[in-house]
Number of protein chains: 2
Amino acid sequence: MTRAAPERHADILAAAGRRFAQSGYRGTSLQDIAADVGCSKAAVLYHFADKKAILAELVARPIDQLRELDERIAGASNPAEAQRIAAEGFVDLAVRFRRETAFLRGEFPGLFQQPPFSHLQHIPDRLVHAFAGHSDRPAARVAALVILAGIAETCGEFIDLPEAELRPALLVLVRRALEPVN
Amino acid sequence: MTRAAPERHADILAAAGRRFAQSGYRGTSLQDIAADVGCSKAAVLYHFADKKAILAELVARPIDQLRELDERIAGASNPAEAQRIAAEGFVDLAVRFRRETAFLRGEFPGLFQQPPFSHLQHIPDRLVHAFAGHSDRPAARVAALVILAGIAETCGEFIDLPEAELRPALLVLVRRALEPVN
DNA sequence: AGCATGCCTGACCGATCGGTCAGATGCCGA
DNA sequence: TCGGCATCTGACCGATCGGTCAGGCATGCT
């Protein structure tokens, strides 16, 4: 059954996203995707140059979402509003980001140090500031990025700090989180 | 070149661990492992029943390490000592655990809800208590497990709580971590 | 009606995978 | 010295992979 190109394109992306998230990139065959979409493997390769191209288009989306959040914060009417947007959007983004990109971590180590993901190290300056106030304490920045990326520094993702500096920061973070309420 | 069985066994495990961490399980062939060890693919399959058996033996180790930490805490001479061991060991274990099992997450989603990993939900009771004091606040427990597993709850790993309850706990955790020092 | 174009198919290709097997090699005790 | 066992090898197998290709079938324009 023939469909218009944009719809097929979107269908393939959606099916691939589900499959990749469930079975990983290498664990998903073009045949799997084609079966979900309801077409032949060759049809999938008619809409995408190769398997890598599907992945590339998929992984570009979290970057866009982070930029959108950044823009929403930039457009906030006052600092309190910005902080509220940042706090909720940050956690929400972290949760979604982790879930949607989990399959990449095992199969493509180092991917997050390369573009476009490496931009994540620099983009969220305003976002971190809105969230952590204007504190320039490294611990606040580390903590924010830790939450964003999900203790990602343990894999050396995003945070460009030697492990000797990261461990104490992480320890402070944990101790704080566990302090009893006053 | 022939080697004694225990040494070969260990060599293969070590090589496989490095390869899996770098390229994932499916991204590593038995040929890759054999080449690193310096023997034939068939020799690898002489020491291990199949590829899965290598993985199974590898992933059993973090579980052992967690049990060792638990035992060290149990053997502490006083609560302060126990807390010190827990705090440092906890972060260290989390970092190593994340690094050594990162390749599993994308390729085997749901693995951490199954034995032996699912035991991690129950084993660290003493560990969490030593770390968080004797607080029974759910937030403290969640925070401890979050650090242990690296925001793992975002993938639904380990922490058996509906997302509706996890999000606020995570938000509290972030806000606390970013509070200015008094 | 004829033709071009967009979308798609089934058949096929070479490469690589995990795993098997018969036999070679080396060592060690009888 | 000989036989048996542990260790290992190269050749081979069927399955699956990503990707290619020639052609089919609509649709819409001329």
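Here is a chat about a predicted model in which protein chains A and B sit beside DNA strands C and D.

Colleague: Before we start, how are things numbered, and what kind of model is this?

Modeller: Residues count from 1 along each chain as its sequence is written, while chains are lettered from A and ligands numbered from 1 in the order in which they are written. This is a predicted model, where local features need pLDDT of at least 70 and side-chain atom pairs count only at pLDDT 80 or more, totals for chains, interfaces and linings use all residues, and side-chain values use heavy atoms, with hydrogens and water left out.

Colleague: OK, DNA strand D. How many residues surround it, and which are the closest?

Modeller: There are 19 around DNA strand D, and the closest are A:Lys41, A:Lys51, B:Arg3, B:Ser40 and B:His47. A residue is near a strand if one of its heavy atoms lies within 4 Å of it.

Colleague: Which parts of DNA strand D are within 4 Å of the protein?

Modeller: Of those DNA atoms, 60% belong to sugar or phosphate, and the rest belong to bases.

Colleague: Which residues have an N or O atom by a phosphate oxygen of strand D?

Modeller: Among them are two backbone cases: A:Leu30 has a backbone N or O atom 3.0 Å from a phosphate oxygen of DNA strand D, and for A:Thr28 that distance is 3.4 Å. B:His47 uses its side chain, with an N or O atom 2.5 Å from a phosphate oxygen. These are polar contacts (a pair of N or O atoms within 3.5 Å; within protein, one must be able to donate a hydrogen and the other to accept it, and residues adjacent in sequence count only if both atoms are side-chain atoms).

Colleague: And which elements give two or more residues to that surface?

Modeller: α3 (41-47) of chain A, plus α1 (5-23) and α3 (41-47) of chain B. The largest share, four residues, comes from α3(B). Helices here are DSSP runs (H or I, at least four residues), numbered from the N terminus.

Colleague: What's the chemical mix near strand D?

Modeller: Nine nonpolar, five polar and five charged residues. Ala, Val, Leu, Ile, Met, Phe, Trp, Tyr, Cys and Pro count as nonpolar, Asp, Glu, Lys and Arg as charged, and the others, Gly among them, as polar.

Colleague: Switching to DNA strand C: which residues come nearest?

Modeller: A:Arg3, A:Ser40, A:His47, B:Lys41 and B:Lys51, out of the 19 around DNA strand C. Here 61% of the DNA atoms within 4 Å of the protein belong to sugar or phosphate.

Colleague: Which side chains have an N or O atom by a phosphate oxygen of strand C?

Modeller: A:Ser40 is one of them, with a side-chain N or O atom 2.7 Å from a phosphate oxygen of DNA strand C. Another is A:Arg8, at 2.9 Å. Two or more residues of the surface near strand C come from each of α1 (5-23) and α3 of chain A and α3 of chain B, and α3(A) gives the most, with four residues.

Colleague: Now the helices. How do α1(B) and α4(B) pack?

Modeller: α4 of chain B covers residues 51-74, and α1(B) packs on α4(B) at an angle of about 85°, with the axes 10 Å apart. Axes are lines fitted to C-alpha atoms, for helices over the stretch in contact, and angles run from 0 to 180 degrees between N-to-C directions. The pair is therefore roughly perpendicular (under 35 degrees is roughly parallel, over 145 roughly antiparallel, 65 to 115 roughly perpendicular and the rest oblique).

Colleague: Which residues of α1(B) and α4(B) meet?

Modeller: On α1(B), B:His9, B:Ile12, B:Leu13, B:Ala16, B:Gly17 and B:Phe20; on α4(B), B:Lys51, B:Ile54, B:Leu55, B:Glu57 and B:Leu58. Contact means heavy atoms within 4.5 Å. By class, the contact has seven nonpolar, two polar and two charged residues.

Colleague: And at what angle do α1(B) and α2(B) cross?

Modeller: Roughly 125°, with the axes of α1(B) and α2(B) (residues 30-37) coming within 9 Å. That makes α1(B) oblique to α2(B). The contact of α1(B) with α2(B) has six nonpolar, no polar and five charged residues.
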